[in-house]
Amino acid sequence: MKKGLSLAFIVMMSLVVLLTGCGSSGQEAEAAENRQVEEENSKMQMKVQVGGSTFTAALEENEAVDALVDMMEQGPVTIQMSDYSGFEKVGPLGTSIPASNQQTTTQAGDIVLYQGNQIVMFYGSNSWSYTRLGHIDDLTGWEEALGSGDVTVTFSLED
């Protein structure tokens, strides 16, 4: 009888330990999921000033963005940009940064690196090999701000 009670006690204690372990794994998984959602919601952003209009862009995660952020940490990066083909503005960065070009179709609001040393901002669409840098969050007034001629654009980190 004592062996039966001892065995029952051991089985019951094993279940308690097992169930307790499962509960903490579920909590750990939930905490990890919450951290991932927070990270996605807290993507690094930059300000994009076009003339008198200011926009916010969510930045990608790649070496080109890391290099651009390093530049912006030294101070705002200002580029003279020219219109090209009625769907984009292009301007020289003044230095080369790491590129990881991929064939892509851009949309209005996309900001990309071209040939490692030029920034391109789209108000139309194009298919080419670019390194994605970011995307404008709210396109309200974007096309109007870019206009039809040359523009001065200043990129800086969010405060």
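This is a guided tour of a predicted model, with a suggestion at each stop for what to select next.

**Stop 1: aromatic pairs**

Start with the rings. How many aromatic pairs does a search of the whole structure find? The search turns up five. Select F55 and W142 to see one of them: the ring centres are 5.0 Å apart and the planes stand at 90°, so this pair is edge-to-face. Now colour by secondary structure. F55 belongs to strand β2 (residues 53-59) and W142 to helix α3 (residues 142-146), so the contact ties together parts that are 87 residues apart in sequence. Are these two residues buried or exposed? F55 is buried, at 6% relative accessibility, and W142 is buried too, at 2%.

Keep the rings on display and move to Y84 and F87. Their ring centres lie 6.4 Å apart with the planes at 80°, so this pair is also edge-to-face. Turn on a surface and compare the partners: Y84 is partly exposed, with a relative accessible area of 48%, whereas F87 is buried, with 17%. The buried label follows because the cut-off is under 20% relative accessible area.

Next, add Y114, F122 and Y130 to the selection. Together with Y84 and F87, these residues form a cluster linked by ring pairs.

**Stop 2: two turns of the backbone with positive phi**

Stay in this part of the sequence and select S85. Which loop holds this residue? S85 sits between β3 (77-84) and β4 (88-92). Check its backbone torsions: phi is positive, about 60°, although S85 is not a glycine.

Then jump to Q115, in the loop between β6 (110-114) and β7 (118-122). Here too phi is positive in a residue other than glycine, with a value near 55°. With the surface still on, you can find Q115 on the outside: its relative accessibility is 52%, so it counts as exposed, the cut-off being over 50%.

**Stop 3: salt bridges**

Switch to charged side chains. Across the whole structure, a search finds two salt bridges. For one of them, select D83 and K89, whose side chains meet with an N to O distance of 3.1 Å. How accessible is each partner? D83 is partly exposed, with a relative accessible area of 27%, while K89 is buried, at 0%.

For the other, select D110 and R132. The closest N and O atoms of this salt bridge are 3.1 Å apart. Why does this pair matter for following the chain from strand to strand? D110 lies in strand β6 and R132 in strand β8 (residues 127-136), so the salt bridge ties together parts that are 22 residues apart in sequence. In this pair the acidic residue is the buried one: D110 has 5% relative accessibility, and R132 is partly exposed, with a relative accessible area of 29%.

**Stop 4: a patch of negative charge**

For the last stop, select E61, E63, D66, D70 and E73 and show the surface. What do these residues form? They gather in a surface patch of negative charge. Zoom in on D66, one of the members. D66 is part of helix α2 (residues 63-74). Its relative accessible area is 47%, so D66 is classed as partly exposed.

Note on methods:
Residues numbered from 1 in each chain as written. Predicted model: local features only at pLDDT ≥ 70, side-chain atom pairs only at ≥ 80, totals over all residues. Heavy atoms only, no water. Helix = DSSP H or I, 4+ residues; strand = E, 2+ residues; numbered from the N terminus. Buried < 20%, exposed > 50% of the residue type's maximum accessible area, 1.4 Å probe, protein only. Patch = residues over 30% accessible without salt bridge, like charges linked within 9 Å, V, L, I, M, F, W, Y side chains within 5 Å. Areas by Shrake-Rupley, 256 points an atom, 1.4 Å probe, with all protein chains shown as cover. Salt bridge = Lys/Arg side-chain N within 4 Å of Asp/Glu carboxyl O. Lys, Arg positive; Asp, Glu negative; His and termini not counted. Charge placed at Lys NZ, Arg CZ, Asp CG, Glu CD. Phe/Tyr/Trp six-rings, centres within 6.5 Å; stacked < 30°, edge-to-face > 60°.
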